[in-house]
Amino acid sequence: YICRVMFWLNISKSFVTSVFYFKLKNTTERFCFIFCLSVYIFLLEVSGQMFPGRRPENVRVTVENQYECLMKKIMPYFNKPYNTELELKQSSAWMILKTLKERLLLLGTEIPDFPVEKIIPSPEINQYRNKDDFSVYYGVDGSNTTVGYLTGTPSLPGCVAVRPTYLTHIKDSHKHLALLFEDYIKKSPYRVCYHFRGGGFWKRLSVRSNEAGDLM
């Protein structure tokens with residue numbers, strides 16, 4: 001019975017959405033509507049409200065696999081050659097455009113054909129970032145003041161911060177400054193802000209640098 005009710009509720013929502021869509025006057029308005037609807041659906045999926053049984057879970061992070069887990073999250077192509085990475089990204093961009101066009105066609109809106117331009121390789125693939133934002137959170141080793149990147153969603157169990165030790169796209173000077181900041185807040189009398197509702201002072205560290213090596 002519950003399944004039937006949910007089915008007809010979804011049908012009703014789809015009908016209302018379709019009626020609203022076809023009342024839009026031009027292609028631009030329809031495109032904006034589809035874009036906003038896609039973002040809304042994505043947020044529902046991430047929060048688990050659309051498919052409650054498919055809510056994402058944080059990966060179990062241990063002392064042994066912490067750096068591998070972080071690299072999979074921050075650098076998903078870390079174990080592939082750079083040329084292969086570009087090919088995968090090019091294919092992904094083409095598939096996104098293809099899917100968008102197919103969905104618009106189903107709704108009666110056509111968009112002109114235009115090619116996906118080829119990705120231009122970067123002249124520098126290591127230590128190229130001039131700005132990094134680090135989080136202050138619980139570490140997998142039991143530390144409550146680890147400065148690094150989060151391995152998952154803080155609102156779900158199992159999320160920890162891992163130091164950016166082996167992230168090759170981050171400058172060594174940024175990593176060193178993160179360690180200095182971590183040592184500093186460990187000695188600070190002010191507590192860490194893990195969640196805004198819980199208060200606290202230390203939560204993030206933003207680092208910038210220029211070609212001369214100056215840090216801010």
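The exchange below covers charged side chains in a predicted model.

User: How many salt bridges does the structure hold?

Analyst: The structure holds 8 salt bridges.

User: What makes Asp132 and Arg129 a salt bridge?

Analyst: Their closest N and O atoms are 2.7 Å apart. The cut-off is within 4 Å, for a side-chain nitrogen of Lys or Arg and a carboxyl oxygen of Asp or Glu. The pair therefore counts as a salt bridge.

User: Why is Asp132 called buried or exposed?

Analyst: Asp132 has 0% relative accessibility. Buried means under 20%, so Asp132 counts as buried.

User: And what makes Arg129 partly exposed?

Analyst: Its relative accessibility is 32%. Partly exposed lies between the 20% limit for buried and the 50% limit for exposed. Arg129 therefore counts as partly exposed.

User: How do you know that Glu182 pairs with Arg163?

Analyst: The closest N and O atoms of Glu182 and Arg163 are 2.7 Å apart, and the cut-off is within 4 Å. Glu182 lies in helix α5, while Arg163 sits in the loop between β3 and α5, so this salt bridge ties together parts 19 residues apart in sequence.

User: Why does Glu182 count as buried?

Analyst: Glu182 is at 3% relative accessibility. The limit is under 20%, so the label buried applies.

User: What makes Lys186 a partner of Glu182?

Analyst: The closest N and O atoms of Lys186 and Glu182 are 3.3 Å apart. That meets the cut-off of within 4 Å. Both residues are in helix α5, 4 residues apart, so about one helical turn separates them. Lys186 itself is partly exposed, at 44% relative accessible area.

User: Which residues are joined into one network by salt bridges that share partners?

Analyst: The network consists of Asp141, Arg163, Glu182 and Lys186.

User: Where is Lys171, and why is no salt bridge assigned to this residue?

Analyst: Lys171 is in the loop between β3 and α5. Its nearest side chain of opposite charge is Asp132, 7.8 Å away. A salt bridge needs atoms within 4 Å, so buried Lys171 has none.

User: What does the side chain of Lys171 make a polar contact with?

Analyst: With the side chain of Ser209, at 3.1 Å. The cut-off is within 3.5 Å, so this counts as a polar contact. Leaving aside neighbours within four places in sequence, Lys171 is in contact with Gln127, Arg129, Asn130, Ser209 and Asn210.

Terms used: Residues numbered from 1 in each chain as written. Predicted model: local features only at pLDDT ≥ 70, side-chain atom pairs only at ≥ 80, totals over all residues. Heavy atoms only, no water. Buried < 20%, exposed > 50% of the residue type's maximum accessible area, 1.4 Å probe, protein only. Helix = DSSP H or I, 4+ residues; strand = E, 2+ residues; numbered from the N terminus. Lys, Arg positive; Asp, Glu negative; His and termini not counted. Polar contact = N/O pair within 3.5 Å; in protein donor to acceptor, adjacent residues only side chain to side chain. Contact = heavy atoms within 4.5 Å.
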